[in-house]
Amino acid sequence: MLIDRAKIYVKGGDGGRGCVSFRREKFVPKGGPDGGDGGRGGSVILEAAAGLATLVDFKYRQHLRAGRGGHGEGARRTGRSGADLVVPVPAGTVVRDAATGRLLADLVEPGQRVVVARGGRGGRGNARFATPTHRAPRRAEPGEPGEERWLEVELRLLADAGLVGLPNAGKSTLLRRVSSARPRVGAYPFTTTDPVLGAVELPDGRGFVLADLPGLIEGASQGAGLGHDFLRHIARTRVLIHVVDVAAGPDVVERYRIVRRELQRYDPKLAGRPALVALNKVDLPEGRARVEVARAALAAEGVQALPVSGATGEGTDALLAAIADRLEAARAGEETLPSVKK
Ligand SMILES: Nc1nc2c(ncn2[C@@H]2O[C@H](COP(=O)(O)OP(=O)(O)OP(=O)(O)O)[C@@H](O)[C@H]2O)c(=O)[nH]1
Ligand SMILES: [Mg+2]
């Protein structure tokens, strides 16, 4: 199961204590102060890493602490710096301060980093407090404590294209057909509860990541069905593929509209995202009979619809090529990923 949310505690290392010390050398009876500074504490850093797909590690490791700074020593020796703790997270991780909800980072590309808890500064040793009138200070500072806080981390899918549609429309069957992903298929609604990603490769060498998403029902934007949990995930897909079961009844276009309306209610920007309709289950005679009417009606609205069957594979090559074309066009027209919505 995809665990895509976690709450974690992070604490930077405390700074080391400054040292109180006086020089003691042969032939130098009254040595001056030579206590060194404490070392600084390490910071906790989250770094997006390729190859990670979930936040499940945080279930077992909820408290993350960086190393503390070493204490200062005599002969003006500064304490050792505490080690930073670099924690790999999947690309697509959004990081918030749990107390305020403030967005701290949106780690999109592998290698991107954010310091989530700074280490404390080391305290100054007594060597730093010497003045002409006060030559033998016995004063040194304690180290500064490291920053600490609770974070909320959330993983958003970074799929190129997402399969959306009512429950049972055949989204998972389609993903199984066109990729090596193995989402569960069932003859009942809400078989899919967590998104599943599949890598799709076309004969012409093009490829993209396709996400199978949980079914969406009327009222989803208000939380019905799997509601927001589902909708959060499509925030970043570049192209939406509406999977409509043409065999389920004559109101094919209406079934597409229900889903489109919910997407729009959730986030008006989604309505403007490139979309295609897959008229699915054309292997069934009652389905095939409705294809042309539905196609014409959608074409009149400027929506491209293609007949497919996830069960037999009919039409899937043309669908994948159409998705790849749309992706190319979308990529060319956008510099950065669509922004995040909470
Ligand atoms: N005849 C036929 N049946 C299909 C086709 N695609 C899916 N089915 C059947 O439709 C039912 C639902 O398929 P799923 O792929 O689980 O549908 P889904 O859209 O992923 O459903 P949820 O995860 O519940 O939203 C299953 O019984 C499938 O076997 C198709 O192209 N033709
Ligand atoms: Mg499914």
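**Reading the ligand sites and cores of a predicted model**

Me: In this predicted model, an oxygen atom of ligand 1 has a polar side-chain atom of Lys-171 2.7 Å away. Which residues are the closest to ligand 1?

Reply: The general approach is to list the surroundings and then examine individual polar pairs. Here ligand 1 is surrounded by 23 residues, and the closest are Lys-171, Ser-172, Thr-173, Phe-190 and Asp-283. Further polar pairs can then be read. A polar backbone atom of Gly-170 is 2.9 Å from an oxygen atom of ligand 1, and a polar side-chain atom of Thr-192 lies 2.8 Å from an oxygen atom of this ligand.

Me: Which residues are the protein donors of the magnesium ion?

Reply: For a metal, one reads the donor atoms, and the list may look incomplete because water is not among the atoms. In this structure the magnesium ion (ligand 2) has Ser-172 (OG) and Thr-192 (OG1) as protein donors, at 2.0 to 2.1 Å. The two come from distant parts of the chain, 20 residues apart: Ser-172 belongs to helix H2 (residues 171-178), whereas Thr-192 is in the loop between H2 and strand E10 (196-201).

Me: Are Ser-172 and Thr-192 buried or exposed?

Reply: Burial is judged from the relative accessible area, with under 20% counted as buried. Both Ser-172 and Thr-192 are buried.

Me: How is the protein chain divided into domains?

Reply: The bounds of the domains are read together with the separation of their centres. Domain 1 covers 5-155 and domain 2 covers 161-332. Taken over C-alpha atoms, the centres of the two domains are separated by 48 Å.

Me: How many residues has the largest nonpolar core, and which of them have the most contacts inside it?

Reply: In soluble globular proteins, nonpolar side chains tend to be buried together. The largest nonpolar core in this model has 24 residues, and those with the most contacts inside it are Phe-208, Leu-210, Ile-241, Leu-319 and Ile-323. At least two residues of this core come from each of strand E9 (161-164), H2, strand E11 (207-212), strand E12 (239-245), strand E13 (275-280) and helix H8 (316-332). H8 gives the most, with six residues. Apart from this core lies another, of 22 residues, among them Ala-6, Ile-8, Leu-107 and Leu-155.

Me: Which residues does Leu-319 touch?

Reply: For such a list, residues up to four places away in sequence are not counted. On that basis Leu-319 touches Leu-174, Leu-276, Ala-278, Leu-306 and Val-308.

Me: Why is Tyr-9 classed as buried?

Reply: The threshold again decides: a residue is buried when its relative accessible area is under 20%. Tyr-9 is buried because its value is 11%. Tyr-9 is found in strand E1 (residues 5-11). Its contacts beyond four places in sequence are Gln-62, His-63, Leu-64, Arg-65, Glu-148, Arg-149 and Trp-150. With Glu-148 there is also a polar contact between the side chains, at 2.4 Å.

Me: Why does Arg-295 count as partly exposed?

Reply: The partly exposed class lies between under 20% and over 50%. Arg-295 belongs to this class because its relative accessibility is 32%. Arg-295 is found in helix H7 (residues 291-300) and, neighbours up to four places away aside, touches Leu-279, Ala-305 and Pro-307.

Me: How far apart in space are Arg-295 and Val-253?

Reply: Separation along the chain and separation in space are read side by side. Arg-295 and Val-253 are 42 residues apart in sequence, and their C-alpha atoms are 8.9 Å apart. For Tyr-9 and Arg-40, 31 residues apart along the chain, the C-alpha atoms are separated by 20 Å.

Conventions: Residues are numbered from 1 along each chain as its sequence is written. Chains are lettered from A and ligands numbered from 1 in the order in which they are written. This is a predicted model: local features need pLDDT of at least 70, side-chain atom pairs count only at pLDDT 80 or more; totals for chains, interfaces and linings use all residues. Side-chain values use heavy atoms; hydrogens and water are left out. Donors are N, O and S atoms within 2.8 Å of the metal (3.2 Å for Na, K and Ca); water is not among the atoms, so sites may look incomplete. Helices (H or I, at least four residues) and strands (E, at least two) are DSSP runs, numbered from the N terminus. Buried means under 20% relative accessible area, exposed over 50%, partly exposed in between (1.4 Å probe, protein chains only). Domain bounds come from an automatic or database domain assignment. A nonpolar core is a set of buried Ala, Val, Leu, Ile, Met, Phe, Trp, Tyr and Cys residues joined through side-chain atoms within 4.5 Å. Contact means heavy atoms within 4.5 Å. A residue is near a molecule or strand if one of its heavy atoms lies within 4 Å of it. A polar contact is a pair of N or O atoms within 3.5 Å; within protein, one must be able to donate a hydrogen and the other to accept it, and residues adjacent in sequence count only if both atoms are side-chain atoms.
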